[in-house]
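Visitor: I would like to learn how to read a few features of a structure. Please take them one at a time.

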Amino acid sequence: MLIATNQLLIGLVAAAAVATAARYLRALSRSGAIATTALGTVVFGFGGIAWAVPLLLFFVLSSALSHISKRFRRRDLDQVFEKGGERD
């Protein structure tokens with residue numbers, strides 16, 4: 001089975017674009033963006049779009065859930081410490 005060089009190149013460009021967008025949105029650290037680019041390149045290069053779409057969906061949904069979770073955690077902590085001072 002031959003891997004087309006252009007498929008690896010497309011994977012690299014697409015993965016780098018996703019990693020850059022996620023870095024801009026503060027969903028990834030620098031090392032996370034590098035790992036995303038490497039993993040996306042390999043997955044798209046060897047598996048094509050059929051393997052890349054589930055990986056991308058997982059990344060987008062998990063990032064969204066993490067963002068929502070942080071928002072709820074902040075609100076819950078604010079309610080716990082809302083009144084301040086000593087308690088019983």
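Guide: What follows goes through the fold, the pockets, a surface patch and a backbone angle. Keep in mind that this is a predicted model.

Visitor: How many helices and strands does the secondary structure of the protein come to?

Guide: The count is three helices and zero strands. Read from the N terminus on, the elements run α-α-α. The helices α1, α2 and α3 cover residues 5-24, 30-47 and 49-80.

Visitor: What share of the residues in the protein is buried?

Guide: Of the 88 residues in the protein, 18% are buried. Buried here means under 20% relative accessible area.

Visitor: Now the pockets. What is the general idea?

Guide: Rolling a probe the size of a water molecule over the atoms shows where empty space is left. In this model, the largest pocket has a volume of about 340 Å³. It is lined by 14 residues, and the closest to its centre are V18, G40, A52, L55 and L56.

Visitor: Which elements give two or more residues to the lining of the largest pocket?

Guide: They are α1, α2 and α3. The most comes from α3, with six residues.

Visitor: What is the lining of the largest pocket like by class?

Guide: It has 11 nonpolar and three polar residues, and no charged residues.

Visitor: Where does V18 lie, and how far apart in space are V18 and G40?

Guide: V18 lies in helix α1. V18 and G40 are 22 residues apart in sequence, while their C-alpha atoms are 8.9 Å apart in space. V18 counts as partly exposed because its relative accessibility is 27%, a value between the cut-offs of 20% and 50%.

Visitor: What volume does the second largest pocket have?

Guide: Its volume is about 290 Å³. The second largest pocket is also lined by 14 residues, and L25, R26, A27, S63 and H67 are the closest to its centre. The elements that give two or more residues to this lining are α1 and α3. Here α3 gives the most, with eight residues.

Visitor: And how many charged residues does the lining of the second largest pocket have?

Guide: There are two charged residues in that lining, along with eight nonpolar and four polar ones.

Visitor: R26 came up just now. What about its backbone angle?

Guide: Most residues other than glycine have a negative phi. Phi of R26 is near 60 degrees, a positive value in a residue other than glycine. R26 is placed in the loop between α1 and α2.

Visitor: Is R26 buried or exposed?

Guide: R26 counts as exposed, because its relative accessibility is 77% and the cut-off for exposed is over 50%.

Visitor: Turning to the surface, which residues make the nonpolar patch?

Guide: The patch is made by I49, V53, L57 and L61, and its area is about 390 Å². I49, one of the four, lies in helix α3. With a relative accessible area of 58%, I49 is exposed.

Visitor: One last residue. Where is F59, and how far apart in space are F59 and A22?

Guide: F59 is in helix α3. F59 and A22 are separated by 37 residues in sequence and by 9.7 Å in space, C-alpha to C-alpha.

Visitor: Why does F59 count as partly exposed?

Guide: F59 has a relative accessibility of 21%. Buried requires under 20%, so F59 counts as partly exposed.

Terms used
Residues numbered from 1 in each chain as written. Predicted model: local features only at pLDDT ≥ 70, side-chain atom pairs only at ≥ 80, totals over all residues. Heavy atoms only, no water. 1 Å grid on protein atoms, 1.4 Å probe; cavity = no way out; pocket = protein on both sides within 12 Å on 5 of 7 lines; lining within 4 Å. Points joined across faces, edges and corners; volume = space filled by probe spheres on them. Helix = DSSP H or I, 4+ residues; strand = E, 2+ residues; numbered from the N terminus. Nonpolar A, V, L, I, M, F, W, Y, C, P; charged D, E, K, R; others polar. Patch = residues over 30% accessible without salt bridge, like charges linked within 9 Å, V, L, I, M, F, W, Y side chains within 5 Å. Areas by Shrake-Rupley, 256 points an atom, 1.4 Å probe, with all protein chains shown as cover. Salt bridge = Lys/Arg side-chain N within 4 Å of Asp/Glu carboxyl O. Buried < 20%, exposed > 50% of the residue type's maximum accessible area, 1.4 Å probe, protein only.
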